[in-house]
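Hello,

Here is the structure I promised to pass on to you. Please have a look at it first, and then read my notes underneath.

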Amino acid sequence: MEQTDDSLRSKVMMKIRMASDLPAMAETVTIVNKFKSSEDTSISELANVLLKDYAMTTKILKVVNSVHYSQSAQVTTISRAIFLMGIEQIKNIALTLMLFEQLQKNSSQTEIMDAIIQAYCSGVIARKIVADLNDVEEEEAFICALLHPLGKIIIAHTMPEKLAEIRGVAAEQDISEERASASVLGISFEELGTTIATEWNYPQKIVKSMCHTSAGNVGADAEESWKLGAVATLSNEMSNVLASDAERNEKEGKLKGLLASFSADPLPLKNKNIEKLVSTSAQDFKQLATILNLNLQKSKFSRKLDQWSEESEPSAPETEVFSFKTESLKTVDTLFAAEEENPESIFSKGIQEINTAMLGPYALNDVIRIALETIFRGMNTAQASRVLFFVRDVKRPQMEIRIGFGSDVKEAKQWFIIPVTDPEQVKDIFNLSISKDNDLIIKDTEAHDIKKYFPPWYRDNMPATGYLVLFPVSLNKKNIGLISIEGSRAGFPSITRGHLNYLRILRDQTVMAMRQSSR
């Protein structure tokens, strides 16, 4: 007895929802999506969530700084990335990278990797398509095109045998894989993708862009989501052509036909050179693949794309003095490009980033966030658990946490409140630092000779045995704040004199930002 479409659909959705890794991904998406772009506190909280995964933080920053995103000086902190691109853009980039990272884990299937690799290429093509359109953001086009085939990617991940069956049905009946997917699964790739994306609370703009949008349905007054849908549809259909087994000339003809069909308002693509569009997309895609550590060697799609990237425009004759190429000649920016991040590079880049931010209009909280995030990431090797910035309450004699990075920051805001005492009656380590304007380092908070100087409210709540570093923040010889760094005792030996000098510079930059903002 044949199963009904509803029966097939229910079984497919149940299998996907029960996949061991996808429920965890859904939870992560829900957590990230709760942050609202209109709330200043969301910036710190989102950055803090992303910073918990050091490898993912590095990957997000690499993508932000790649040729695909960066239009300004190098971005070295999540806080600065959010300031430049907006919280929604960083959320979408982070969620997409997290999703694709999760799908790649523990997967020996070439099908899922090829689907992911092709999706990334579609995203790059989408950016190229909208590069000269004023009303479509390149980053949004990239993300929407990347997630457009989500349904197909999830099937490749959870049921690769079904994907093979779908392709067989498509070839046998001479229909699209989209139509074949509905026949085999009881639900199309498109409906599957939009259903999962909706359950995971992806923005509606992205969910709508997953729907196949024909050129004729997009008028000059169409909603932005429909325009994004058209770009996502076009770029994915182009990548499908590139993935096919057709000859180069036949592919060119199909690609030109696709561009022609979409070359009307609001997508004026008539003057696009198809060879240049594909070849530059192929080159940019390979750079992105390097950034994301995508293994292209076993990818069928990547091999088919090679014929386009290898035939890029010939370079100009080498007649100029510096037209030669040699590994011995490097620019300052590229000399250490491949060097792994270390505390010194994180600190120095963060300091430079603050300098860049302060050259233009800036919000004080943005500079403070960059400084604190730089401290938190730079002190990673010293096992820093929490970095907090306190400010004086204008109405009460106490200091409260304004911004923090690390573990249990939200909880700490409830109890980590420093009562400011009379300078003549100082009895605790915090007020000593504040009243004397002294930088203090406690290498072991459990040491008998120092423990008595911690107030009871701190001893009852402080993290496990570790170190504490305090940097008071003073303006015009008047204390207005405090930077606190807590970490594991095992990490203290990793702290060098150079690290402490960087910390002082970052504190001083914070003071300078405060001075400028008060003028």
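Below is what I found, going from the chain as a whole to the sheet, the aromatic rings and the largest pocket.

Please keep in mind that this is a predicted model. The protein chain has 519 residues, and 51% of them are buried. Its secondary structure comes to 25 helices and 6 strands. Of the contacts in the chain with a separation of 6 or more, 65% are between residues 24 or more positions apart.

**The sheet**

The 6 strands form an open sheet, with antiparallel pairing and the order β3-β2-β1-β6-β5-β4. At the edges stand β3 (418-419) and β4, each with a single partner strand, so one side of each has no neighbour in the sheet.

I spent some time on β5, which covers residues 466-475. How many of its residues are buried? The count is 10 of 10, so to speak a strand that is mostly covered. On one flank, β5 pairs with β4 (residues 440-442) in the antiparallel sense over 3 bridges. Within that pairing, Val469 of β5 is the bridge partner of Ile441, while Leu440 stands opposite Leu470 in β5. β5 is also joined to β6 (residues 478-488) by 10 bridges, and these two strands run antiparallel. Here Leu470 has Ser484 in β6 as its bridge partner. The two strands β5 and β6 make a hairpin with 2 residues between them, and Asn476 in the turn has a positive phi of about 55 degrees.

One residue of β6 that I would point you to is Leu482. Leu482 counts as buried because its relative accessibility is 0%. Its contacts, leaving out residues up to four places away in sequence, include Leu470, Phe471, Pro472 and Val473, which takes in part of β5 (residues 466-475). Leu482 also touches Leu388, Phe389, Phe390, Met399, Ile418, Phe430, Ser433 and Ile434. The C-alpha atoms of Leu482 and Arg392 are separated by 8.7 Å, although the two residues are 90 residues apart along the chain.

**Aromatic rings**

A search of the whole structure gives 15 aromatic pairs. One of them is formed by Phe347 and Tyr502, which are stacked, at 5.3 Å centre to centre and with 25 degrees between the planes. Phe347 belongs to helix α19 (residues 343-359) and Tyr502 to helix α25 (residues 497-517), so this pair ties together parts that are 155 residues apart in sequence. Are these two rings buried or partly exposed? Phe347 is buried, with a relative accessible area of 0%, whereas Tyr502 counts as partly exposed at 22% relative accessibility.

A second pair involves Phe430 and Phe454: the ring centres are 6.4 Å apart and the planes stand at 55 degrees, so the pair is tilted. Phe430 is in helix α22 (residues 429-436), and Phe454 is in the loop between α23 (448-451) and α24 (456-459), so parts 24 residues apart in sequence are tied together. Both Phe430 and Phe454 are buried. These two residues also belong to a cluster linked by ring pairs, together with Phe390, Trp415, Phe416, Trp457 and Tyr458. Two members of that cluster, Phe390 and Phe430, appear among the contacts of Leu482 as well.

**The largest pocket**

The largest pocket holds about 1300 Å³ of space. Its lining has 36 residues, and those closest to the centre are Gln118, Lys152, Glu177, Asn240 and Ala243. The elements that contribute two or more residues to the lining are α7 (110-129), α9 (150-158), α10 (160-173), α11 (177-185), α12 (189-199), α14 (224-243) and α17 (300-309). Which of the elements gives the most to the lining? That is α14, with 7 residues. By residue type, the lining divides into 14 charged, 12 nonpolar and 10 polar residues.

As for α12, its buried residues are Phe189, Leu192, Gly193, Thr194, Thr195, Ile196 and Ala197. Just after this helix comes Asn201, with a positive phi of about 65 degrees.

If you would like somewhere to begin in the viewer, I suggest Leu482 in strand β6, and then the stacked pair of Phe347 and Tyr502. After that, you could turn to the largest pocket, starting from α14, which gives the most to its lining.

Enjoy the structure, and write back whenever you like.

Best wishes

How values were computed: Residues are numbered from 1 along each chain as its sequence is written. This is a predicted model: local features need pLDDT of at least 70, side-chain atom pairs count only at pLDDT 80 or more; totals for chains, interfaces and linings use all residues. Side-chain values use heavy atoms; hydrogens and water are left out. Buried means under 20% relative accessible area, exposed over 50%, partly exposed in between (1.4 Å probe, protein chains only). Helices (H or I, at least four residues) and strands (E, at least two) are DSSP runs, numbered from the N terminus. Two strands pair if DSSP finds at least two bridges between them. On a 1 Å grid over the protein atoms alone, a cavity is a set of points where a 1.4 Å probe fits but cannot get out, and a pocket is an open set with protein on both sides within 12 Å along at least five of seven lines; lining residues have an atom within 4 Å of a point. Grid points are joined across faces, edges and corners, and a volume is the space filled by probe spheres set on the points. Ala, Val, Leu, Ile, Met, Phe, Trp, Tyr, Cys and Pro count as nonpolar, Asp, Glu, Lys and Arg as charged, and the others, Gly among them, as polar. Contact means heavy atoms within 4.5 Å. Rings of Phe, Tyr and Trp (its six-membered ring) pair if their centres lie within 6.5 Å; planes under 30 degrees apart count as stacked, over 60 as edge-to-face and the rest as tilted.
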